[in-house]
Amino acid sequence: NNADIDISKNYWPTSPIKIELISPSTKVEGIQFRNVIIKSSYKNKNISFEKISSNLIEGNINAQGKINIENEMPFDIHGSFKNISLNLLMNQAKIATWDRVNIKISSPNFNLSGTLKKNKDFNKNLKGNVPINGSIFFVSTEEERFGAALLSLLVDKLPELSSISNSVSFLVTNFSNIPSSVQGTLIINEGLISTQDMLIENNQGRASLTATLNIETDIINGKINFYEDDEIYLEATLKGNIQNPQILVGGKVFAEENDNAPRDIKKLFEEGIHSLIDKLLKVDD
């Protein structure tokens, strides 16, 4: 919107064509970029980007790269971004709406490459390496915190509640409403975004994430290990569409009671901990 484009070339026959684009607002696949500046040059069927900069959500992005406009139109883009809200980005792209977790990420040095030919599969040819660091904030309500405390009180009378009570208390105490740092690397290859080393930690707790996301289907398959004293205490498996995945929990807290059946912790929080308590006690509100 309201873009200015400047195209220039000096008189020397072999000199490149200079192309500069400045736009206060640009939308790409639903994602809003602000204050866009692109400085590029064209020569011998190659477009070189000396500067790509923009504000994105609450952060910014800076990159350089090149595109060859022959054959498969290969491209290579590298650069950095800072303070990007992953929640708002996915919401604008209509991928997912997350209300219970806020994530902001930065990358000091990302690289993306692939081909742009229309009759080729863009996603499956896309490759990338994106080291990231940032913050993550899990949101819990006062009712959920009260429910976790109430579950703990009921354990003496209902021992079968012990594993689910311990897991809920562990998550609420160590990760809810506490800013945590996140650090790791995203690998993009053959239509998949994956990570093997994502670390989430704060002063109360530590967790590691291993996951794979299918770009075409938005299906995620992953695992989060939550640690206590450097030992895995709780395991959470992520399965399903990224918009609303199942979060099945298990691990040491359940194995101690010879109970290895995973529990859908996300469903428990969505339905309300009080709902579980009422069902177990067989009472009305």
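I started with burial in this predicted model: F170 and F226 are both buried. I checked F175 too, and like F170, F175 is buried.

Next I looked at how the rings meet. F170 and F226 make an edge-to-face aromatic pair, with 6.4 Å from centre to centre and 85° between the planes. Which elements hold these two rings? F170 belongs to helix α4 (residues 162-174) and F226 to strand β12 (residues 219-228), so their pair ties together parts that lie 56 residues apart in sequence.

Then I went through the aromatic pairs as a set. With centres within 6.5 Å as the cut-off, I get six aromatic pairs. One of them joins F170 and F175, and I note this pair as tilted, at 6.4 Å centre to centre with 55° between the planes. Following the ring pairs onward, I find F170, F175, F226 and Y233 linked into a cluster.

I also looked up a charge over a ring. The charged end of R206 sits over the ring of Y227, and I have 4.3 Å to the ring centre.

Last, I turned to the strands. How many bridges join β6 to β7? I have nine between strand β6 (residues 74-85) and strand β7 (residues 101-115), and the two run antiparallel. For one position here, I noted that S85 has K104 in β7 as its bridge partner.

On to β8: β7 and strand β8 (residues 127-138) are joined by nine bridges and run antiparallel. A handy spot to find this pairing on screen is N111, which stands opposite N129 in β8.

Notes. Residues are numbered from 1 along each chain as its sequence is written. This is a predicted model: local features need pLDDT of at least 70, side-chain atom pairs count only at pLDDT 80 or more; totals for chains, interfaces and linings use all residues. Side-chain values use heavy atoms; hydrogens and water are left out. Rings of Phe, Tyr and Trp (its six-membered ring) pair if their centres lie within 6.5 Å; planes under 30 degrees apart count as stacked, over 60 as edge-to-face and the rest as tilted. Buried means under 20% relative accessible area, exposed over 50%, partly exposed in between (1.4 Å probe, protein chains only). Helices (H or I, at least four residues) and strands (E, at least two) are DSSP runs, numbered from the N terminus. A charge sits over a ring if NZ of Lys or CZ of Arg is within 6 Å of the ring centre and within 35 degrees of the ring normal. Two strands pair if DSSP finds at least two bridges between them.
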